Amino acid sequence: MRMDSKDKRQTTKNNRLIQAMRHASAGVWSVLRHERNMRIHLVLGIIAIFLGIWLKIRIQEWLWIILAIFFVMISEFANTVAEALTDLIVKNNYDPIAKRIKDVSAGSVLMSAIFAVIIGALIFIPKIF
Ligand SMILES: Nc1ncnc2c1ncn2[C@@H]1O[C@H](COP(=O)(O)OP(=O)(O)OP(=O)(O)O)[C@@H](O)[C@H]1O
């Protein structure tokens, strides 16, 4: 069944690229609005960009910083998906598998944040001191 792009209860494929982009942007906005950790990652990412501009880092260094910023954010998106799917399945019931899914997913965000801290330290610390 075809649905109008303005239909809020659409469950069919996006017919046009602009429609797909609109839904994807709504997804990004929803994570930014509802996930406190994502806002923290965003603020830290913006600080890293300002530091990079201030310390005049080289293009190779920018590539690592940008990779680290996107890596952390994409991990947070994946974590949000895992949490939402888990909640959709188990609702509010305690389930040891749900716990494992959420803990492992949060662990992937932690690993990506550690990666970002290492990259930031390797690039910024020698330039600051
Ligand atoms: N349905 C459940 N069954 C068992 N354990 C759960 C369940 N829901 C959450 N938990 C446990 O509670 C912890 C916190 O759950 P929550 O859904 O708030 O994740 P969070 O990582 O704190 O979320 P956010 O990323 O939004 O801060 C999970 O890491 C998990 O250990």
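The shell around the ligand divides into 4 nonpolar, 2 polar and 6 charged residues, where Ala, Val, Leu, Ile, Met, Phe, Trp, Tyr, Cys and Pro count as nonpolar, Asp, Glu, Lys and Arg as charged, and the others, Gly among them, as polar. The model is predicted: local features need pLDDT of at least 70 and side-chain atom pairs count only at pLDDT 80 or more, whereas totals for chains, interfaces and linings use all residues. Residues are numbered from 1 along each chain as its sequence is written.

The residues around the ligand (C-beta atom, placed from the backbone, within 6 Å of it) are Glu35, Asn37, Asn79, Glu83, Val90, Tyr94, Asp95, Ala98, Lys99, Lys102, Asp103 and Ala106. At least two shell residues each are supplied by α3 (59-90) and α4 (96-128), helices being DSSP runs of H or I with at least four residues, numbered from the N terminus. The largest share, 5 residues, comes from α4.

Glu76 is located in helix α3. An unreviewed UniProt entry lists Glu76 under "binding site", and the annotation "active site", also from an unreviewed entry, covers Glu76; such annotations may be inferred rather than shown by experiment. Glu76 counts as buried because it has 25 C-beta neighbours inside 10 Å, the criterion for buried being 20 or more other C-beta atoms within 10 Å of its own, with C-beta atoms placed from the backbone. Neighbours within four places in sequence aside, Glu76 is in contact (C-beta atoms within 7 Å) with Val31, Glu35, Asn37, Met38, His41 and Val109.

How values were computed:
A residue is buried if 20 or more other C-beta atoms lie within 10 Å of its own, exposed if 12 or fewer, and partly exposed in between; C-beta atoms are placed from the backbone. Two residues are in contact if their C-beta atoms, placed from the backbone, lie within 7 Å.
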